[in-house]
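User: Please take a close look at the aromatic pairs in this model, and then at the helix packing and the surroundings of single residues.

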Amino acid sequence: MSTTRFLATSLVNATSRRSLSLMVRRSRFSLAPQRGLISMIDKQQCRQITDYSAKDSRINSRKLRKHDGSNMDGAAITAAALKSQGVEYMFGVVGFPVIEVGMAAQAHGIKYIGCRNEQAAAYAAQAMGYLTGKPVALLVVSGPGVLHAIGGLANATVNCWPVVCIGGTADVDLENRGAFQEWSQQESVRNSCKHVSRPTSLHTIPAHIEKAVRCAMYGRPGAVYVDLPGNLVLTSTEEEIQFPEAVPLPPPVSIPPIAEIEKAINTLKSAKKPLVIVGKGAAWSERGATQVQQFLTKSKLPWLATPGGKGVASDLHPRFIGQARSLALREADTVFLIGARFNWILHFGLPPRFQKDVKVVQIDICPEEFHQNVKTEVPLLGDIGETLAEMTPRLGEWAYDESTEWFKKLRDNAEKNRNAVEKLVDDHSTPLNYYAAYQPIREFLANNDVIVVNEGANTMDIGRTMMPSRLPKRRLDAGTFGTMGVGQGFALAAALWARDHSPKTKVLVVQGDSAFGFSAMELETIARYNLPVVTVIINNSGIYRGLLPEDDKAIEGDRTLALPVLSLTAECRYEQMCQAFGGEGTVVRTVPEIKAALEKAYQKTDGPTVINALISTDSERKPQADHWLTRSKIMRQLILVALFVSTASSLPFIGSVQSVRVTGKVTCNGEPAENIKVKLYEKEILLDKLLDEKSTDRQGSFTLAGNKKELTAIDPHVNIYHKCNYKGVCYKKLKIKIPKSFISEGETAERTFDIGELNLAGSFSGESTDCLN
């Protein structure tokens, strides 16, 4: 008899759950590579050893659902307490000592979703809490399981989304003795949670669950944690267990004094350049979205949304000026924050991003948020929806004059920025830029009700512009904590929510290839539960930017020294991973291919689809007039470049000087093309290095030369910018790579690469447009 079969048989013959648990613990080290050994037993055997579902069980499941409180063990009490508090979903990764808790939860009608990683499970649970407005459970094992969940718990608290984490821990009588996976879990999670507690007896479990739910849902939502010792899970009692009443939801609300509301209205009326900023707090408030929309309609004030506040009111609203964000923030004299905070997302409310003497009116349920970084002129402490319900009627006949110079300036700037974006959208040359890749996605969203999960660096930044939000809670992204890795966990929750609460709503994940890697294994979870999630990977082969396949293959020597730190596998075939799980996968390179793939993907209703969109490795977001949104990113890039340059230049034995020279002639419709700008570049990880630039002479001729010190072979190319037979605002850009055989050692090139004579009136593969040359 095999070891596995022998163990399974032994488990079936076990006389109590306590002996089952001991056997799992004793056998785990040598026999179970997974967190829980229960996966080694088939369903029939599980039914024989599980008290929760057998007909002759010692604990009748029907009585459990009635919570009569008699003859229950810790697992049943925990599940019953969660159910009594309105918990409908539980996400987690089971193993000792919480396997029985998961089983009991299902017996009580709580939907259990088993994930592949605790962090992803935490992301899924908090997203479900946000979407439903109800408590959602997260179930994790002791030690490493709890530690893996901490990143997700921190994200929930910073992002203000509720989640109730139940973490198994070592038996109390084994503490401080080196118990299996023993760890100081309460201390570890405390900084990431609003509330942390540990029941000391079976009778106290319901009270701990009730308070955990109350703390997660009331005030500013967030993560809470309940530490559940293994001996409590498996201990039974014949005494009656008392279950507290369910925490009333939605939470109680309050409004500010009427005098403060009147003061806020007068402050807004007196403003010359007012601006309303809507944050995700408005989405959480029960009546927040409805009242925000009514206030914006009646007041006629210009407004924009933070990333989490998108969709509270539609981006298509006539007075939405999100495309003029930088100008609006910089020049507004009065800002009305509705569920938004002066944190990094809003540049702390400080100059030069804001006026030095900007007046601030703010609604928030957390008094500590007032006067954060900037004095709050009128703090309105209360629920957003209820406060605005009092505020809007008091506006009377007043409305902001849309004919003011301020409004005209905002609209003109928004239109200018929209036009700049659309030029990039219209450039369908391959490999695609980000904006062109987003075009068919934008069209799809315009015709469907979709929850969008957006994640990545440029992918997410550009996505906020390219994917307008029309409804509340239809956009989930990295949020206040800027967390990468939320994608597939959020998608899992969104798909379950849509299945159970809004069957016509679709789920679309748009994420970069780097972001996809953080939670890619949850595709298997999505496939296992037959959920129709479509993921579009905007694949540039790296973090911010990557390498072309031929450049990747050309790297010689030790790749740990030569491969750029931002590089991922060039044109990695991620869609095949989805196919391995029984889903659909396709690779696309053009706008029509993306459009066709999206239409086909949503015909599948029983599992995931991955669309792997291969775009240009050096595609960037639209240049910003102000560096506010990208400052931290630019700083990271400059630091990396500085480190690389300083290292190569200060250590003479690292790298060598390499040179290149190129010549050629260009014509337009057979005539010499004079004054055509030509630049010689060396491809870099972040920003290409300009080696030389000139304009063509009267004969249309040019010669460029340059050199650079590099660790590996330089990768030079020539860019030619022209308007031959082109009437657009920008320039046509022709990029020509210089063969490596024309690269010389030393400061002066020994050979010259002659591109010959080019007629710019012709059509060239890879030709694109450029507005910034």
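Analyst: The account below starts with the aromatic rings and then turns to helices and single residues.

This is a predicted model, in which local features need pLDDT of at least 70, side-chain atom pairs count only at pLDDT 80 or more, and totals for chains, interfaces and linings use all residues. Residues are numbered from 1 along each chain as its sequence is written, and side-chain values use heavy atoms, with hydrogens and water left out.

The chain contains 27 helices and 29 strands; helices (H or I, at least four residues) and strands (E, at least two) are DSSP runs, numbered from the N terminus. Of its 773 residues, 55% are buried, where buried means under 20% relative accessible area, exposed over 50%, and partly exposed in between (1.4 Å probe, protein chains only).

The structure holds eleven aromatic pairs. Rings of Phe, Tyr and Trp (its six-membered ring) pair if their centres lie within 6.5 Å; planes under 30 degrees apart count as stacked, over 60 as edge-to-face and the rest as tilted. One of the pairs is Phe-96 with Phe-180: the ring centres are 6.3 Å apart and the planes stand at 45°, so this pair is tilted. Phe-96 lies in the loop between strand S2 (89–92) and helix H6 (99–107), and Phe-180 in the loop between strand S5 (163–169) and helix H9 (185–189), so that the pair links distant parts of the chain, 84 residues apart. Phe-96 counts as buried because its relative accessibility is 6%.

Phe-742 and Phe-753 also form a tilted pair, because their ring centres are 5.1 Å apart with the planes at 55°. Here Phe-742 is in the loop between strand S26 (731–737) and strand S27 (744–745), while Phe-753 is in strand S28 (residues 753–759), eleven residues apart. Both Phe-742 and Phe-753 are buried.

Ring pairs also join Tyr-123, Tyr-130, Trp-161 and Phe-490 into a cluster. Lys-473 lies over the face of Tyr-130, at 5.0 Å from the ring centre. At Phe-407, the charged end of Arg-411 sits over the ring, 4.3 Å from its centre. A charge sits over a ring if NZ of Lys or CZ of Arg is within 6 Å of the ring centre and within 35 degrees of the ring normal.

Next, the helices. The axes of helix H14 (residues 288–299) and helix H16 (residues 384–391) come within 8 Å and cross at roughly 30°; axes are lines fitted to C-alpha atoms, for helices over the stretch in contact, and angles run from 0 to 180 degrees between N-to-C directions. H14 is therefore roughly parallel to H16, as angles under 35 degrees count as roughly parallel, over 145 as roughly antiparallel, 65 to 115 as roughly perpendicular and the rest as oblique. In contact (heavy atoms within 4.5 Å) are Gly-288, Gln-291, Val-292 and Phe-295 of H14 with Ile-384, Gly-385, Leu-388, Ala-389 and Met-391 of H16. Helix H12 (residues 258–269) and H16 have axes that come within 10 Å and cross at roughly 70°, so H12 and H16 are roughly perpendicular.

Finally, two single residues. Ile-113, in strand S3 (residues 111–114), is buried at 3% relative accessibility. Its contacts include Phe-91, Leu-492 and Tyr-529. Thr-667, in strand S20 (residues 656–668), is buried with a relative accessible area of 4%, and residues it touches include Pro-672 and Leu-758.

Methods:
Lists of a residue's contacts leave out its neighbours within four places in sequence.
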